[in-house]
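Reader: I have a model open and would like to know what lies behind the words used to describe it. Could you take me through the reasoning?

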Amino acid sequence: MDHLLEIRNLSIELPQGRRKPPVKLVEGVDLTVRKKQNFGVVGESGCGKSITCSSIMGLLSFPLSLGQGSSIRFQQGDGREVEITGLSKAELRKLRGRDISMIFQEPMTALDPMYTIEEQICESLLFHASLSKAEMHDAALEMLRKVKIPRPEQILKDYPHHLSGGMLQRVMIAIALINNPRLLIADEPTTALDVTIQAQILDLMNELRESYDTSVIMITHDLGVIAETCEEVAVFYAGQVVEQSDVNTIFHAPAHPYTAGLLRSVLSLGGAQQELYTIQGTVPTAGNFSAGCRFADRCEHCMDICRNRAPALSEISPGHLCRCWLHADTPKEETA
Ligand SMILES: Nc1ncnc2c1ncn2[C@@H]1O[C@H](COP(=O)(O)OP(=O)(O)O)[C@@H](O)[C@H]1O
Ligand code: SF4
Ligand SMILES: [Mg+2]
């Protein structure tokens, strides 16, 4: 199978007490990530990107849970396929680090302030390999060189608070890649960094990808980051995928009004336009989604049908999916 990860009908629920049904924060998400593919997940804050990716790691935070019928299939290094939703905590721990690893927006929260960089890199190694102390030191040093950290010998002895945000993110990338995972999930890895450092980290990730067999899921609110790093992209809105295609199509022929709006706001940032374009309104919160299209209140193209009937995600051309009545030749309605 060429597919590394297959997510089918994923929903994530937030309980509302005994008397009310749970609210679905994420609903009906299907995603397929191929081997060595760089897959982008983009959307405004609150659309469900992070919790979707946490569920792949088996790390949904309390009190969230997966809805019935959710499936996340993953192909391990030995070629065996596993259903992640059915794994025990111990099996999930094994999968994390060895097969799937993650980097976050705030490296400081993922690192322990009490331990040196060397101790933290070696800890992830220790778990998986039986190396001597000297071998672990060499492996940590080599990894720091790969992520282009200057004075790596010194940095190994440092504590996290000695390092800048950009250097910490390099350390996190080193830790994430040291066991050569099959899948790396990067959740807004450059959002907290200033623009020059952002570009350096994205360049580094692109370079490293060439030498590792890792697929990457890049989560971001920034289409600019997607353009720099991804081949395929899924656009999230209010807990659903609203558009998905190759990156070129998304940038040159976006079909969903939400994607077009995101794109306009990026273009107006860098272009000659004086005013910054923003999509009017805000993302509705789960539990307050309209019966029709969830984007209806913010959409410039909203029609009567959009208010009452929810459009399904449909293939509008080969490999290009869109959830919008504007593109439905044979209108398909979302079935509950
Ligand atoms: N532990 C939690 N309890 C309740 N609601 C949550 C929890 N985690 C996330 N949410 C809600 O789920 C939605 C999606 O969150 P998230 O995946 O973090 O969005 P994104 O990463 O796209 O910004 C948000 O409305 C958020 O408030
Ligand atoms: S379905 Fe209607 S409201 Fe929703 S994005 Fe398309 S045109 Fe806009
Ligand atoms: Mg997030």
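**Reasoning through the labels**

Author: Gladly, and let us start with a loop: Ala238 is found between strand 10 and strand 11 (240-246). Please keep in mind that this is a predicted model.

Reader: What makes the phi of Ala238 worth a remark?

Author: Its sign. Most residues other than glycine have a negative phi. Ala238 is not a glycine, yet its phi is positive, about 45°.

Reader: Why is Ala238 called buried?

Author: The relative accessible area of Ala238 is 2%, and buried means under 20%, so the label applies to Ala238.

Reader: And which label, buried or exposed, goes to Lys36?

Author: Exposed, because Lys36 has a relative accessible area of 53% and the cut-off for exposed is over 50%. Lys36 also has a positive phi of about 60° without being a glycine. You will find Lys36 in the loop between strand 2 (23-34) and strand 3 (38-42).

Reader: Why is Glu135 called partly exposed?

Author: With 42% relative accessibility, Glu135 falls between the 20% and 50% limits, so it counts as partly exposed. Glu135 belongs to helix 5 (residues 133-146).

Reader: Why is the pair of Tyr237 and Tyr258 called tilted?

Author: A pair of aromatic rings is described by the distance of the centres and the angle of the planes. For Tyr237 and Tyr258 the centres are 4.5 Å apart, and rings pair within 6.5 Å. The planes stand at 55°; under 30 degrees would be stacked and over 60 edge-to-face, so this pair is tilted.

Reader: What parts of the chain does that pair tie together?

Author: Tyr237 lies in strand 10 (residues 232-237) and Tyr258 in helix 11 (residues 257-270), so the pair ties together parts 21 residues apart in sequence. Tyr237 is buried, at 1% relative accessible area, and Tyr258 is buried too, at 0%.

Reader: Why is the pair of Tyr258 and Phe295 called edge-to-face?

Author: Here the planes are at 65°, and the label needs over 60, so edge-to-face is the right term. The ring centres are 5.3 Å apart. This pair links distant parts of the chain, 37 residues apart: Tyr258 is in helix 11, while Phe295 is in the loop between helix 11 and helix 12 (304-308). Tyr237, Tyr258 and Phe295 are joined into a cluster by ring pairs.

Reader: What surrounds ligand 2?

Author: Phe295 is one of the residues around ligand 2, and others include His256, Pro257, Cys293, Trp325 and Leu326. The shell divides into 10 nonpolar, 2 polar and no charged residues. The space that ligand 2 takes is the second largest cavity.

Reader: How do you know that Arg264 lies over the face of Tyr277?

Author: Arg264 is 3.8 Å from the ring centre of Tyr277, and the distance limit is 6 Å, together with an angle limit of 35 degrees from the ring normal.

Reader: What makes helix 1 mostly covered?

Author: In helix 1 (residues 49-56), 6 of the 8 residues are buried, among them Lys49, Cys53 and Ile56. Gly58, which follows helix 1, has a positive phi near 70°.

Reader: And what is special about the peptide bond from Phe62 to Pro63?

Author: Most peptide bonds are trans. The one from Phe62 to Pro63 is cis, with omega near 5°. Pro63 sits in the loop between helix 1 and strand 4 (65-66).

Conventions: Residues numbered from 1 in each chain as written. Chains lettered and ligands numbered in written order. Predicted model: local features only at pLDDT ≥ 70, side-chain atom pairs only at ≥ 80, totals over all residues. Heavy atoms only, no water. Near = heavy atom within 4 Å. 1 Å grid on protein atoms, 1.4 Å probe; cavity = no way out; pocket = protein on both sides within 12 Å on 5 of 7 lines; lining within 4 Å. Sits in = over half its atoms within 2 Å of the grid points. Nonpolar A, V, L, I, M, F, W, Y, C, P; charged D, E, K, R; others polar. Phe/Tyr/Trp six-rings, centres within 6.5 Å; stacked < 30°, edge-to-face > 60°. Helix = DSSP H or I, 4+ residues; strand = E, 2+ residues; numbered from the N terminus. Buried < 20%, exposed > 50% of the residue type's maximum accessible area, 1.4 Å probe, protein only.
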